[in-house]
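Trainee: Could we go through this model together? I would like to understand the reasoning behind the labels people give to residues.
Mentor: Happy to, let's begin.

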Amino acid sequence: MTRIAFIGGGNMARSLIGGLLNTGTAAANVRVAEPLAQARESLGRDFGVTTFADNRAAAEDADVLVLAVKPQIMPAIYAELRDTLQRNRPLLISIAAGVRIDQLERWFGNLLPIVRCMPNTPALIGAGATGLCANLRVTPQQREQAQHILDAAGITRWIDDERLMDTVTAISGSGPAYFFAIVEALEDAAVAQGMPRETARILASQTCLGAGRMLVESNEAPATLRQRVTSPNGTTQAALESFSADQLPRVIARAVAAATRRGEELAAALDKE
């Protein structure tokens, strides 16, 4: 059985571990390094996995090593783990936003098979969306291993051009926050019309859930579904015309471009480490 070690035991790691165990991975084959004692106790109690305070102890003999840490933690991590990884050469999977494969190769060693991926927070409920890309040392079997780990928390798509990973971060990584902001705005708009806030929140949330399910389960283009809801000269058309007047597509395009640029900036800052 594949031995999987997680460096970092935060929410994203927990979602992946839970998904793996639910799809047949044995807890005995999962190790987690986590500096906080309370978090280690919670991981052991909730999942039955072996936990460590020391990163090197967790990484020893791992077939797959998942870096589930924030980008700014990377310098401390690679200084600690480089020798171990060079000796064992596991498949290295990074879920750190903005960290490029060439940076990982420089820090951990260019002989390692590396998969860079960007999951999002809905992975916590098994509804994640993850983009993945790999360096040339990743074998077909290792691609399957990486996809299996990330599929445990939602859907995955391989990205051939790593330059698009910052766009993946801007769309699916940051995207849930855009969605929540829209639901907040719907709620506030309904309250401004006199609706009680609790009712407004329930109606807005359920409406967005239902629309999302229709979009995913119908496999139809969003434009097609939008057109079906829009009766000529009706209430929906009035709202959509207001969106158009306020240039909603341009607002969203600028937001995605800003998030993409920020991802590039974060990677560039790490080049100075």
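Mentor: One definition to start with: buried means under 20% relative accessible area, exposed means over 50%, and partly exposed is in between. Keep in mind that this is a predicted model.

Trainee: Why is arginine 89 called partly exposed?
Mentor: Its relative accessible area is 43%. Partly exposed is the label between under 20% and over 50%, so arginine 89 belongs there with its 43%.

Trainee: Where is arginine 89 found, and what is the sign of its phi?
Mentor: Arginine 89 sits in the loop that links H4 and S5. Its phi is positive, about 50°, although the residue is not a glycine.

Trainee: What makes glutamine 247 partly exposed?
Mentor: The same kind of check applies. Glutamine 247 has a relative accessible area of 39%; with the limits at 20% and 50%, that value makes it partly exposed. Its phi is near 60°, a positive value in a residue other than glycine. You will find glutamine 247 in the loop between helix H11 (235–245) and helix H12 (248–270).

Trainee: Why does asparagine 29 count as buried?
Mentor: Buried needs a value under 20%, and asparagine 29 has 16% relative accessibility, so it counts as buried. The residue lies in the loop between helix H1 (11–22) and strand S2 (30–33).

Trainee: Which residues is asparagine 29 in contact with, leaving aside its neighbours within four places in sequence?
Mentor: Met1, Thr2, Arg3 and Ile4 are in contact with asparagine 29. For a contact, heavy atoms must be within 4.5 Å.

Trainee: How do you know that threonine 84 is buried?
Mentor: Its relative accessibility is 5%. The limit for buried is under 20%, so threonine 84 counts as buried at that value. Threonine 84 is part of helix H4 (residues 74–88), and it touches Arg56, Ala59 and Glu60, not counting residues up to four places away in sequence.

Trainee: And what makes valine 99 buried?
Mentor: Valine 99 has 0% relative accessibility, so it counts as buried. Its place is the loop between strand S5 (91–94) and helix H5 (101–108). Residues up to four places away in sequence aside, valine 99 touches Pro71, Met74, Leu104, Trp107, Arg116 and Leu270.

Trainee: How far apart are valine 99 and alanine 269, in sequence and in space?
Mentor: They are 170 residues apart in sequence, while their C-alpha atoms are 10.0 Å apart in space.

Trainee: What about the protein as a whole: how many helices and strands are there, and what share of the residues is buried?
Mentor: There are twelve helices and eight strands. Of the 273 residues, 39% are buried. Among contacts between residues at least 6 apart in sequence, 63% join residues at least 24 apart.

Trainee: How do helices H7 and H8 meet?
Mentor: The axes of H7 (residues 165–173) and H8 (residues 175–192) come within 5 Å and cross at roughly 35°. Ala170, Ile171, Ser172 and Gly173 in H7 meet Gly175, Pro176 and Tyr178 in H8. By class, this contact has four nonpolar, three polar and no charged residues.

Trainee: Why do the glycines go with the polar residues?
Mentor: Gly is counted as polar by definition, so Gly173 and Gly175 fall in that class.

Notes. Residues numbered from 1 in each chain as written. Predicted model: local features only at pLDDT ≥ 70, side-chain atom pairs only at ≥ 80, totals over all residues. Heavy atoms only, no water. Axes fitted to C-alpha atoms, helices over the stretch in contact; angles between N-to-C directions. Helix = DSSP H or I, 4+ residues; strand = E, 2+ residues; numbered from the N terminus. Buried < 20%, exposed > 50% of the residue type's maximum accessible area, 1.4 Å probe, protein only.
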